[in-house]
Amino acid sequence: MIALRFLVTGAAGFIGSHLSARLSTLGHQVLGLDNFDAYYSPSLKHLRVRELLTPLGLSVEQIDLANLDLTRELIKDFNPETVIHLAAQPGVRTPMSQSYKYIRNNLVAFTNVLQSSIEQAVPNFLYASSSSVYGNAGTRAYSESDSSIRPLSVYGATKFANEILAPTYAMGTQTKTRGLRFFTVYGPWGRPDMAYFRIINSVLGGSKFNKFGNGEIKRDFTYVDDITVAIVKLSEELSKRESGFSDVVNIGGGDPHSLNELIGLISRETEIESFVAQKGQNLNDINFTCADVTKLRMLADCVPSVDLKDGVMMTFKWATEPGIVELLDGWVESSI
Ligand SMILES: NC(=O)c1ccc[n+]([C@@H]2O[C@H](COP(=O)([O-])OP(=O)(O)OC[C@H]3O[C@@H](n4cnc5c(N)ncnc54)[C@H](O)[C@@H]3O)[C@@H](O)[C@H]2O)c1
């Protein structure tokens, strides 16, 4: 295998830290960037770097990608073969009064990284999109060829805008782009704003999990290792394409489960009940997500394979480790 230079943005984040570790283990040179944003606990981000990346000799440079000059300089100096842009304001629940965070981090920072990569003739530019682009598209598997996409949230709209900007910028240049539509990613070192993380924290800490709606919303949960394996394979496949090529690919398991099923599973496995507090409906929630993974299978010869029970139990095991379990509550409190 040829060792390549990968620039990973959002490297102190959940997916970015796992991906940087995988790329480094495969023998690649990795430069991680992150601004350690306070959307949720920056100390969790620093701990990921210390526990997952430092032992591999990796560090994460602190930079705000909304600054074009700094972004341009870093990409020029490192001169990567591949940029994997994961930095973003995630989640759909940030209040409208703070929606500028989506614009700043998902549009301005995105464009800075994309433009700098194109100026530097970086061959491969992959970026995180989301199942949120599909909005409420019914109860069938969502396909990349759907032409009637209508995001429901500002978050989903900014991700969809990324997908429109990338091919327009890359057309006629040396750079190929690929948008990765992730479907509800979970696992150890995950994001404390997400339901599975909060459920595990409630079970371990004795607090109540706030359940919004009737719990019948379904998500195509995807284990983080399945995601990083697919990203690596999709980046290899992209590198074989012609200059200026652009597309988007779903990365999900194609096997949705409801919030009630997730609660039931954790309750059964831990033999703990009565940790749920019923709340009203959240209007930004999509009712159903399910990835059509035909394209992923064709391009990368892989589909996510970790089933929800195994993945949740691996996450639960991580959450009970000394040095983690006592910090969970603070991390959950730090996020909305
Ligand atoms: N986790 C999921 O279920 C999921 C699903 C769909 C899409 N995604 C997308 O995947 C990507 C990674 O998600 P994640 O779950 O790891 O989120 P995360 O919040 O853990 O990671 C994102 C990182 O980006 C950094 N960041 C934000 N703005 C920045 C800026 N201006 N400059 C530099 N760094 C900045 C944050 O500090 C954070 O560490 C995001 O683009 C997200 O929208 C995630």
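**Exercise 1. Determine which residue caps the N-terminal end of helix H3, and describe the two sides of this helix.**

*Step 1.* Asn67 is the N-terminal cap of H3, with one of its side-chain oxygens 3.1 Å from the backbone nitrogen of Asp69. The model is predicted, and local features need pLDDT of at least 70, side-chain atom pairs pLDDT 80 or more, whereas totals for chains, interfaces and linings use all residues. Residues are numbered from 1 along each chain as its sequence is written, and side-chain values use heavy atoms, without hydrogens and water.

*Step 2.* H3 spans residues 68–78, and its buried residues are Thr71, Leu74, Ile75 and Phe78; buried means under 20% relative accessible area and exposed over 50% (1.4 Å probe, protein chains only).

*Step 3.* These buried residues lie on the same side of H3, because they cover an arc of only 95 degrees around the axis. An α-helix has 3.6 residues a turn, so residues three or four places apart point the same way.

*Step 4.* Asp69, Lys76 and Asp77 are exposed on the other side of H3.

*Step 5.* The cover over the buried residues includes strands E1 (5–9), E2 (29–34) and E3 (60–62), together with helix H4 (100–119).

**Exercise 2. Describe how helices H8 and H10 cross.**

*Step 1.* The axes of H8 (residues 259–270) and H10 (residues 308–319) come within 11 Å and cross at roughly 60 degrees.

*Step 2.* H8 is therefore oblique to H10; angles under 35 degrees count as roughly parallel, over 145 as roughly antiparallel, 65 to 115 as roughly perpendicular and the rest as oblique.

*Step 3.* Contact (heavy atoms within 4.5 Å) involves residues including Leu262 and Ile266 of H8 and Val312 and Phe316 of H10.

Notes. Helix = DSSP H or I, 4+ residues; strand = E, 2+ residues; numbered from the N terminus. Arc of directions from axis to C-beta. Polar contact = N/O pair within 3.5 Å; in protein donor to acceptor, adjacent residues only side chain to side chain. Axes fitted to C-alpha atoms, helices over the stretch in contact; angles between N-to-C directions.
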